[in-house]
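Work through the exercises below with the sequence and the model open. Each task is followed by a solution in steps.

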Amino acid sequence: MAASSEQTVPLSVLLKRELAHEKIENPEIVHGQAGQSKKGEDLTLVKAECQRMVGDGVSTYSVFGMFDGHNGSAAAIYTKENLLNNVLSAIPPDLNRNEWVAALPRALVAGFVKTDKDFQEKGQKSGTTVTFVIIEDHRLDTNEEERVRITSSGGEVGRLNTGGGAEVGPLRCWPGGLCLSRSIGDMDVGEFIVPVPHVKQVKLSTGGGRLVICSDGVWDSLPAEVALDCCRGMSPDAAAPHIVKEAVQAKGLRDDTTCIVVDVLPQEKPPVSAPQTKKPVKGMLKSMFRRKSSESSSYNDKDYVEPDVVVELYEEGSAMLSERFHTKYPVCNMFKLFMCAVCQVEIKPGEGISIHEGESDSGKFRPWDGPFLCSSCQEKKEAMEGKRSSGRVSSGSDD
């Protein structure tokens with residue numbers, strides 16, 4: 001038997017686990033989607049079996065996107081059409097699988113910022129939030145760090161005032177009245193609304209998992225646990241419309257209400273000696289997202305149950321580009337030095353602007369190490385950080 005400080009696991013179980021890991025390497029991706037439209041501003045993106053290396057038939061990944069537009073659908077349409085290409089363009093070529101996964105967080109940041117920058121140059125005033133998932137929401141009420149960032153960048157945070165001094169509804173950014181702090185577009189709102197995404201990478205257990213992606217029409221009506229519980233045992237094709245139905249029944253069709261359900265399933269499952277009983281709903285939900293227990297325990301081969309543990313690989317939510325692009329070795333060496341970290345245009349030596357330009361502690365960084373920005377993207381960075389006025393006046397709302 002193999003022992004660890006956390007638990008003792010039979011050797012036969014370890015062998016089965018290794019076999020299971022090999023079988024989950026190419027999981028089956030099954031999805032379903034549904035929606036009810038109120039304003040026509042929700043869009044979805046589903047691209048299954050994209051090829052990282054064209055023609056090899058092996059290095060595949062799937063992409064799922066939810067674009068929840070406001071003040072019109074132009075930003076959602078543009079982002080759906082361009083975001084994925086902008087993200088992929090920011091990933092250096094000829095990377096192996098592990099390098100590709102490691103480079104993805106920085107590429108996502110670059111892709112989001114470039115999409116926002118390019119769309120704002122069109123002069124349209126709509127905006128969109130984005131949930132973007134690749135398989136191989138900042139809300140102000142629950143994020144004090146975002147509220148501090150907004151006020152320090154020249155914005156204000158507060159609730160709607162009814163006129164008699166009473167404040168109602170969720171916290172919003174002012175000027176503008178958006179009840180979100182990150183989006184693509186929103187040209188008529190200050191630059192304190194930034195496109196820099198919160199990125200999280202996780203590794204699913206060998207048993208796979210279910211992913212539920214929804215617009216605010218769902219999340220403003222149903223808690224996450226209710227949305228998961230109400231569709232348990234259903235196929236993705238049945239689960240997505242059922243979640244939408246539950247959301248509309250709960251509070252009515254007050255907004256575009258859209259849902260994508262994705263099941264990540266192992267192609268083959270380890271054989272079991274007897275039918276497995278269905279776990280209680282609450283126990284199942286907790287087991288999917290709990291961290292490994294530190295309690296010491298022992299199992300024999302017959303009684304051992306493989307835990308459904310989601311392993312967190314990476315998470316970063318800072319809105320500062322200098323923090324998001326300052327990747328450590330070896331990831332930093334994957335990206336070309338003399339290329340703008342956002343828009344990917346080539347920069348001649350000596351013309352690039354260090355991502356750390358103007359920082360109070362920039363002395364600890366060598367200016368020739370990069371990453372570098374072109375002059376246009378440097379202006380975008382300064383505006384996002386409240387160092388340059390955008391001269392924009394708000395007239396929008398996401399209601």
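**Exercise 1. A buried salt bridge**

Task: In this predicted model, find the salt-bridge partner of Lys-380 and state whether each residue is buried or exposed.

Solution.
Step 1. Lys-380 forms a salt bridge with Asp-116, and their closest N and O atoms are 2.5 Å apart. A pair qualifies when a side-chain nitrogen of Lys or Arg is within 4 Å of a carboxyl oxygen of Asp or Glu.
Step 2. Lys-380 has 8% relative accessibility and therefore counts as buried, the cut-off being under 20%.
Step 3. Asp-116, at 1% relative accessibility, also counts as buried.
Background: side chains of opposite charge can pair when their charged atoms come close.

**Exercise 2. Other salt bridges**

Task: How many salt bridges does the structure hold, and which parts of the chain do the pairs Glu-315 with Lys-200 and Arg-210 with Asp-263 link?

Solution.
Step 1. The structure holds seven salt bridges.
Step 2. Glu-315 and Lys-200 meet through their side chains in one of them, at 4.0 Å from N to O. This pair links distant parts of the chain: Glu-315 is in strand β14 (residues 311-316) and Lys-200 in strand β10 (residues 199-203), 115 residues apart.
Step 3. Glu-315 has a relative accessible area of 37% and is partly exposed. Lys-200 is partly exposed as well, with a relative accessible area of 47%.
Step 4. Lys-200 and Glu-315 also belong to a network of salt bridges that includes Glu-312.
Step 5. The side chains of Arg-210 and Asp-263 meet in a salt bridge at 2.7 Å, N to O. Arg-210 lies in strand β11 and Asp-263 in strand β12, so this pair ties together parts that are 53 residues apart in sequence.
Step 6. Asp-263 is buried, with a relative accessible area of 10%.

**Exercise 3. The two sides of helix α7**

Task: Compare the expected span of α7 with the distance between its end C-alpha atoms, then state which of its residues are buried and which are exposed on the other side.

Solution.
Step 1. Helix α7 covers residues 236-251, which is 16 residues. At 1.5 Å a residue the helix should span 22 Å. The factor is applied to one less than the number of residues. The end C-alpha atoms are 23 Å apart, which agrees.
Step 2. The buried residues in α7 are Pro-236, Ala-239, Ala-240, Ile-243, Val-244, Ala-247 and Val-248. Around the axis they cover an arc of only 165 degrees, which puts them on the same side of α7.
Step 3. Asp-237 and Gln-249 are exposed on the other side of α7.
Step 4. The cover over the buried residues of α7 includes β3 (28-36), β11 (209-214), α5 (216-219), α6 (224-230) and β12 (257-265). Strands β11 and β12 were met in Exercise 2, where they hold Arg-210 and Asp-263.
Step 5. Just after α7, Gly-252 takes a positive phi of about 85 degrees.

**Exercise 4. Aromatic rings**

Task: How many aromatic pairs does a search of the whole structure find, and what is the geometry of Tyr-61 with Trp-100 and of Phe-338 with Phe-372?

Solution.
Step 1. The search finds four aromatic pairs.
Step 2. The ring centres of Tyr-61 and Trp-100 are 5.1 Å apart and the planes meet at 40 degrees, so this pair is tilted. Tyr-61 lies in strand β5 (residues 60-70) and Trp-100 in helix α3 (residues 97-120), so the pair ties together parts 39 residues apart in sequence.
Step 3. Tyr-61 is buried at a relative accessible area of 5%, and Trp-100 counts as buried at 6%.
Step 4. Phe-338 and Phe-372 form a stacked pair, with 6.1 Å centre to centre and 5 degrees between the planes. Phe-338 lies in the loop between α9 (321-325) and β15 (353-354), and Phe-372 lies in strand β16 (residues 372-373), so the pair ties together parts 34 residues apart in sequence.
Step 5. Phe-338 is partly exposed, with a relative accessible area of 39%, whereas Phe-372 counts as buried at 8%.
Step 6. A ring also meets a charge: the charged end of Arg-106 sits over the ring of Phe-335, 3.9 Å from its centre.

Terms used: Residues numbered from 1 in each chain as written. Predicted model: local features only at pLDDT ≥ 70, side-chain atom pairs only at ≥ 80, totals over all residues. Heavy atoms only, no water. Helix = DSSP H or I, 4+ residues; strand = E, 2+ residues; numbered from the N terminus. Buried < 20%, exposed > 50% of the residue type's maximum accessible area, 1.4 Å probe, protein only. Arc of directions from axis to C-beta. Contact = heavy atoms within 4.5 Å. Phe/Tyr/Trp six-rings, centres within 6.5 Å; stacked < 30°, edge-to-face > 60°. Lys NZ or Arg CZ within 6 Å of the ring centre and 35° of its normal.
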